Amino acid sequence: MSLSDFLQTAMSRWMKDGGPEDDIILTSRVRVARNLEGIPFPVLQTDSHANQVIEQVDRALHTPAVTKLGQFELLRCSQLSALDRQVLVEKHLISRDLAEQGRHGAVAIRTDEVVSILVNEEDHLRIQCILPGLRLNDAWSLANQLDDALEESLTYAFHERYGYLTACPTNVGTGIRASVMMHLPGLVLSGNINRMLTAVSQVGLAVRGMYGEGSESAGNLFQVSNQVTLGESEEEIIGNLSGVVHQLIDHERNARRALLYESREALEDRVCRSFGILAYARRMDSKETLQRLSDVRLGIDLGIIKGVSAGILKELMIMTQPAFLQKYYKQELTPAERDVRRAALIRERLRLDDSEVR
Amino acid sequence: MLCQRCQQRPATVHFTKIVNGDKSEYHLCESCAKEKGDLFSKAAQAFHFNQLLSGLLNMESSPGFNAPPATANRCSRCGMTYSQFTKVGRFGCPHCYESFAPRLEPLLRRIQSSTSHTGKVPLRSGETVKVKKNLERLRRELQECISTERFERAAQLRDQIRELEQRLGE
C-alpha cells in the first residue's frame, strides 16, 4: 500500500486539520463517565458482571435511538492483538488503561471514529467524542446526544444529590472531562509558558504536557482540561474552559508575533534547520521528531516555510508512534529499527507534499 | 557483566525493583534498558497519581481535620471497606456513595467545587429527580413569598406544588 493510501484509511477525522483556531488547537475532546445501576464498578467486577455490561451496551447500540446517530462496531479487547490495541491508543480512541484491561474491556467505535464508547475501563461506560480544532460545544453536543440515546435503554446509576455516580469521586456529578490539545511553541520559546500554566491551574483547570514527563513537554503540546465535575453544569464547565483557552490562544499569537519581530533570524534558522533535519535525517527518535515537527509547523503558521501542508504536525505525530509504524511496515520493530523507519516515513511524507506542489 | 536480557552487550544500567515486597534486580545494557523504558515511566506515573489521591483520602488522620461521624466501615451492597477505598481510590459500586456518605462530604469539598450536582439529569430515570428538585425550588420560593407577604404569587406556587406532589405520588 502506498503512503497516501495508508493515510486515507488509517487517519481518523480528528487527525486531519480543520475547525476553528486549528493553527493552535489540534483537537477538542469531551468524555462523559456513566455507570449502570445495580452492577459493581469494574474494580470489583467478576467475569459475569463484565459480560452483563458488554451485552447491555451491545443491545443498546442496536436500538433505533442509537443507530439513528450512526453505526457502531463493538470490539472486545480480548479479540484484538496487543499491536491493534496499541494503535487504538495512539489514535486516542481508547485509553492506555483500557488497552491493558484485556479481559473485561471492550470498545464501540463509530465508523467515522469521531465517537467511541469505552466499556469496562474505570467506569462501565465512557462516551468520548473527539473533533479537530476548537469545537468543545460540538463535541459535548455529540456526546450528549449519544448519552441520551443510550439512556433510553440503559439505566444509569444516578443520585439526586451527587449526580452521575462514578468509580472515582473525582469524576462524580457530571462525569464530564473536556479537554483541548494546544500547540504553544510561541509561549515556550518566549519563556512565558510556566507563568501561563500556573495561572491556568489556579482557575481550576489542569494542564499537562502531552508526551513529556512531568512538566517538560515534547513538541510544545499541552492538554488543558477541567478538573471539577461536581457543582457546575456541563455548559458552565465547557464555557469556563473555552474562555481560558481563548485567552491562551491570544497570548500564543502575541508571543509568535513578538518572536517574529524581535528575533526573526534566529526563528527562521531554527525552523528551517528542523525542516532540513526532518527532510534528510536517517534516524529519528520520537522525542526529536515531535520537537522538529513543532518547529516546522510553527514555520508554516508564520509563513516561513511554504509548500508543506499544515496538517503535517498532527498527521506525523500520530503516524510516527511505535504501533503505527509497525502497522505501516507490517512487522515488529525494535526501538532502534523504529528510529530508522520513522526517519524514512517522514522523508516519504515530505516528498508527498513536494509532488503535490509541483 | 553481560546484559541479562540480550546477553550480548555489557550491562551498564543497574536497578532494583520492589513490588509489594518482592525484590528483583536488573542488570541491562543501555539499549535494552531504553526498550524497557516506556514501561517504567508509565508505572511511575500511575504510582504518582495513586499516591496523590490516597494522600487526599487519608486526610482524615491529619491534624486539624474534624473526624466525621462514625459510619459503616463496609458497603452493604458490594462489601468494599473504607480503608480499601482509600488505597485504591475507587468505589466498588454505586451504593458506596450512600454507605460512606458522611465521610464523603468533606472529601468532595476538597476535590470538587461543591457537594451537589447541578448539571444534566438522565431523561428517563431522572424524571422523578427533576420533579423533586423543582419541588424543592418551589417550596423555597413559597416561603419567601409568604415572608414578604406576596400572597397572590404564593397561592399560584401552592397550586403548582400540589400538582407536582400528586405526580410524584402516582
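**Exercise 1. Place A:S201 and judge its cover.**

Which helix holds A:S201, and is A:S201 buried, partly exposed or exposed?

Solution.
- Step 1. A:S201 sits in helix α8 (residues 193–202) of chain A. Helices (H or I, at least four residues) and strands (E, at least two) are DSSP runs, numbered from the N terminus.
- Step 2. The relative accessible area of A:S201 is 40%, so A:S201 is partly exposed. Buried means under 20% relative accessible area, exposed over 50%, and partly exposed in between (1.4 Å probe, protein chains only).
- Step 3. The C-alpha atoms of A:S201 and A:T334 are separated by 38 Å, with their positions 133 residues apart along the chain.

This is a predicted model: local features need pLDDT of at least 70, side-chain atom pairs count only at pLDDT 80 or more, and totals for chains, interfaces and linings use all residues. Residues are numbered from 1 along each chain as its sequence is written, chains are lettered from A and ligands numbered from 1 in the order in which they are written, and side-chain values use heavy atoms, with hydrogens and water left out.

**Exercise 2. Describe the surroundings of A:L69.**

Where in chain A is A:L69, and which residues does A:L69 touch, not counting residues up to four places away in sequence?

Solution.
- Step 1. A:L69 belongs to the loop between α3 (64–67) and β2 (72–76) of chain A.
- Step 2. A:L69 counts as partly exposed because its relative accessibility is 23%.
- Step 3. Leaving out residues up to four places away in sequence, A:L69 touches A:R110, A:Q145, A:L146 and A:A149. Contact means heavy atoms within 4.5 Å.
- Step 4. Take A:R110: A:L69 and A:R110 are 41 residues apart in sequence, and 9.1 Å apart in space, C-alpha to C-alpha.

**Exercise 3. Compare three salt bridges within chains.**

How many salt bridges are there over all chains? Is A:R256 buried or exposed?

Solution.
- Step 1. The count over all chains is 27 salt bridges. Each is a side-chain nitrogen of Lys or Arg within 4 Å of a carboxyl oxygen of Asp or Glu.
- Step 2. A:D301 pairs with A:R256 at 3.2 Å, N to O. This pair links distant parts of the chain, 45 residues apart: A:D301 is in helix α11 (residues 286–301) and A:R256 in helix α9 (residues 234–262) of chain A.
- Step 3. A:R256 is buried, because its relative accessible area is 5%. A:D301, at 26% relative accessibility, is partly exposed.
- Step 4. A:R349 and A:E315 meet at 2.4 Å, N to O. A:R349 lies in helix α14 (residues 335–357) and A:E315 in helix α12 (residues 312–319) of chain A, so the salt bridge ties together parts 34 residues apart in sequence. Both A:R349 and A:E315 are buried.
- Step 5. In chain B, the side chains of B:D159 and B:R158 form a salt bridge at 3.4 Å, N to O. B:D159 is partly exposed at 41% relative accessible area. B:R158 is partly exposed at 40%.

**Exercise 4. Characterise the interface of chains A and B.**

How many residues of chain A are in contact with chain B, and which three residues supply 17% of the area that chain A buries there?

Solution.
- Step 1. 46 residues of chain A contact 40 residues of chain B.
- Step 2. The two chains bury about 3,700 Å² between them, 57% of it on carbon and sulfur atoms. Buried area is the accessible area (1.4 Å probe) that two parts lose on being put together, summed over both.
- Step 3. A:E160, A:Y162 and A:P169 supply 17% of the area that chain A buries against chain B, more than any other three residues.
- Step 4. Four salt bridges run between chain A and chain B. In one salt bridge, B:K120 meets A:D147 at 2.6 Å, N to O.
- Step 5. On the side of chain A that touches chain B, α6(A) gives the largest share, five residues.
- Step 6. A network of salt bridges links A:E121, A:E122, A:D123, A:R126 and B:R90.

**Exercise 5. Profile chain B.**

How many helices and strands does chain B have?

Solution.
- Step 1. Chain B has six helices and two strands. Along the sequence the pattern is β-β-α-α-α-α-α-α.
- Step 2. Of the 170 residues in chain B, 33% are buried.
- Step 3. Among contacts in chain B between residues at least 6 apart in sequence, 35% join residues at least 24 apart.
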